[in-house]
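Ready for a little practice in reading a structure? Take a look at the sequence and the model below, then work through the exercises at your own pace.

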Amino acid sequence: MNILIKNFGIFSTKPFAKIDDAEWQRFFDINVMSDVRLTRHYLPGMLAHDWGVSSLSPANPPSKPRSR
């Protein structure tokens, strides 16, 4: 069994009003889209093995792990 945990993200210590749209877009691209891209990459294998969890759907975990 292989497990991959994405634990990566960025933030700014600037006051909210000082963060412009370009920086908000950068946060979104890195913090959200990296998870989308990672899940998209590994989804075919998770489906083929009928097992896997993505943080994009934490409310829908697998019903049981497969024994090997």
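The exercises below concern a predicted model, and each is followed by a worked solution.

**Exercise 1. Work out how many helices and strands the protein has, and what share of its residues is buried.**

Begin with the secondary structure: the protein has two helices and zero strands. Next, turn to burial, where residues count as buried under 20% relative accessible area. Of the 68 residues in the protein, 10% are buried. Finally, consider contacts with a separation of 6 or more: residues 24 or more positions apart account for 20% of them.

**Exercise 2. Decide whether helices H1 and H2 are roughly parallel or roughly antiparallel to each other, and find the residues that make their contact.**

Start by locating the two elements: H1 covers residues 21–31 and H2 covers residues 33–48. Their packing angle is about 25 degrees, and the axes lie 3 Å apart. Angles under 35 degrees count as roughly parallel, and H1 and H2 are therefore roughly parallel to each other. On the H1 side, the contact is made by Phe28, Asp29, Ile30 and Asn31. On the H2 side, Met33, Ser34 and Arg37 take part. Sorting the residues of this contact by character gives three nonpolar, two polar and two charged.

**Exercise 3. Find the aromatic pairs, classify their geometry, and say which residues form the aromatic cluster.**

A helpful reminder first: a pair of aromatic rings is described by the distance of the centres and the angle of the planes. The count here comes to two aromatic pairs. One of them joins phenylalanine 16 and tryptophan 24, with 5.6 Å centre to centre and 55 degrees between the planes, which makes the pair tilted. The other joins tryptophan 24 and phenylalanine 27, at 5.5 Å centre to centre and 85 degrees between the planes. Planes over 60 degrees apart count as edge-to-face, and the pair of tryptophan 24 and phenylalanine 27 is classified that way. Both tryptophan 24 and phenylalanine 27 lie in helix H1, three residues apart, or about one turn of the helix. Put together, Phe16, Trp24 and Phe27 form one aromatic cluster.

Now add accessibility. Phenylalanine 16 is exposed, because its relative accessible area is 65%. Tryptophan 24, at 37%, counts as partly exposed. Phenylalanine 27 has 7% relative accessibility and so counts as buried.

**Exercise 4. Which residues does tryptophan 24 contact, leaving aside its neighbours within four places in sequence?**

With those neighbours set aside, tryptophan 24 is in contact with Phe16 and Ile19. For Ile19 there is a further detail: the side chain of tryptophan 24 reaches the backbone oxygen of isoleucine 19 at 3.5 Å. As a last step, compare sequence and space for serine 12: tryptophan 24 and serine 12 are twelve residues apart in sequence, with 9.6 Å between their C-alpha atoms.

**Exercise 5. Is glutamate 23 buried or exposed, and which side chain does its own side chain meet in a polar contact?**

First place the residue: glutamate 23 belongs to helix H1. Its relative accessible area is 14%, so glutamate 23 is buried. Then look for partners: outside its neighbours within four places in sequence, glutamate 23 touches Ser12 and Lys14. With lysine 14 there is a polar contact from side chain to side chain, at 2.7 Å.

How values were computed:
Residues are numbered from 1 along each chain as its sequence is written. This is a predicted model: local features need pLDDT of at least 70, side-chain atom pairs count only at pLDDT 80 or more; totals for chains, interfaces and linings use all residues. Side-chain values use heavy atoms; hydrogens and water are left out. Axes are lines fitted to C-alpha atoms, for helices over the stretch in contact, and angles run from 0 to 180 degrees between N-to-C directions. Helices (H or I, at least four residues) and strands (E, at least two) are DSSP runs, numbered from the N terminus. Angles under 35 degrees count as roughly parallel, over 145 as roughly antiparallel, 65 to 115 as roughly perpendicular and the rest as oblique. Contact means heavy atoms within 4.5 Å. Ala, Val, Leu, Ile, Met, Phe, Trp, Tyr, Cys and Pro count as nonpolar, Asp, Glu, Lys and Arg as charged, and the others, Gly among them, as polar. Rings of Phe, Tyr and Trp (its six-membered ring) pair if their centres lie within 6.5 Å; planes under 30 degrees apart count as stacked, over 60 as edge-to-face and the rest as tilted. Buried means under 20% relative accessible area, exposed over 50%, partly exposed in between (1.4 Å probe, protein chains only). A polar contact is a pair of N or O atoms within 3.5 Å; within protein, one must be able to donate a hydrogen and the other to accept it, and residues adjacent in sequence count only if both atoms are side-chain atoms.
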